[in-house]
Amino acid sequence: MTTNAAPTRGVRPGAPAPSLALPLAGGGTFRLADAAPRLFTMLVFNRGLHCPVCRAQLSELDRRFDELAEKGIDVVSVSGENEQRASLMREEWKIDKVPLAYGLSEAQMREWGLFVSRGINADEPAVFNEPALFLISPDGSVYYESILSMPVGRPRLDDLLGGIDYWTANDYPPRGGA
């Protein structure tokens, strides 16, 4: 697949999430099929080491990791970075708690419906995904998705947590799948 390919829509809320199995910085493998969250698996697709907005987002998630876990939300960061750059992210950004899955292929980016960009300078990978955030229900279906074409405009964590509190208290179904 080339970066000039027409974008695909990806998945709709309520539909099964695409399979995802990637290595983790520091060792091990993340397998979405093995995830067993009490409430949601939060997949945070990040642009990579070159992105200061990703650093800020992942730093906040790392600081609030225990709070999210108490709510039943398991957080995993996902990027197309290689092992070396993913390890640098972990070390330089001091991400101690959020697992950093790496090696997302361009085909996987498109399967998830992510926007794909080409690097425009030496700091950026040749091809990388733009940011996205998915909440995956324990049954493996997509509950919520926010897919962006630029680094800014991500959902604020407090806003998202307020929504999650409302949705769970009111047995609110996934929206947008029509």
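Four short exercises on this predicted model follow, each with a worked solution.

Residues are numbered from 1 along each chain as its sequence is written. The model is predicted, so local features need pLDDT of at least 70, side-chain atom pairs count only at pLDDT 80 or more, and totals for chains, interfaces and linings use all residues, while side-chain values use heavy atoms, with hydrogens and water left out.

**Exercise 1. The sheet**

Task: Give the strand order of the open sheet and find its edges.

Solution:
- Start with the terms. Strands (E, at least two residues) and helices (H or I, at least four) are DSSP runs, numbered from the N terminus. Two strands pair if DSSP finds at least two bridges between them.
- Read the order. The open sheet has 5 strands, E5-E4-E3-E8-E9, and its pairing is mixed.
- Find the edges. Strand E5 (100-101) and E9 each have a single partner strand, so one side of each lacks a neighbour in the sheet.
- Check the pairs. E4 and E5 run parallel over 2 bridges, with Ser 77 opposite Leu 100 in E5. E3 and E8 are antiparallel over 5 bridges. E8 and E9 are also antiparallel, over 5 bridges.

**Exercise 2. Strand E8**

Task: Decide which residues of E8 are buried on each face, then locate its partners.

Solution:
- Set the cut-offs. Buried means under 20% relative accessible area, exposed over 50%, and partly exposed in between (1.4 Å probe, protein chains only).
- Recall the rule. In a regular strand, side chains alternate between the two faces of the sheet.
- Apply the cut-offs. Ala 132, Phe 134 and Ile 136 are buried on one side, and Leu 133 and Leu 135 on the other. That makes 5 of 5 residues buried in E8.
- Add the partners. Ile 136 in E8 stands opposite Thr 41. Leu 135 has Tyr 144 in E9 as its bridge partner.
- Look at the turn. The hairpin of E8 and E9 has 5 residues between the strands, and Gly 140 there takes a positive phi near 90°.

**Exercise 3. The cores**

Task: Describe the largest nonpolar core and say which element gives the most to it.

Solution:
- Define the core. It is a set of buried Ala, Val, Leu, Ile, Met, Phe, Trp, Tyr and Cys residues joined through side-chain atoms within 4.5 Å.
- Count it. The largest core has 29 residues; Met 42, Leu 58, Leu 61, Val 75, Leu 135, Leu 160 and Ile 164 touch the most other members.
- Assign elements. Those giving two or more residues include strand E3 (40-45), helix H3 (83-92) and strand E8 (132-136). H5 gives the most, with 5 residues.
- Note the other core. A second, separate one has 21 residues, among them Val 11, Leu 104, Met 109 and Val 142.
- Zoom in on Leu 58. Beyond four places in sequence, its contacts (heavy atoms within 4.5 Å) include Val 44, Ser 77, Met 89 and Trp 93.

**Exercise 4. Val 53**

Task: Is Val 53 buried, partly exposed or exposed?

Solution:
- Place the residue. Val 53 is found in helix H1.
- Compare with the cut-offs. Its relative accessible area is 31%, so Val 53 is partly exposed.
- List its contacts. Not counting residues up to four places away in sequence, Val 53 touches Pro 151, Val 152 and Arg 154.
- Add a distance. The C-alpha atoms of Val 53 and Val 98 are separated by 16 Å, and the two residues lie 45 apart along the chain.
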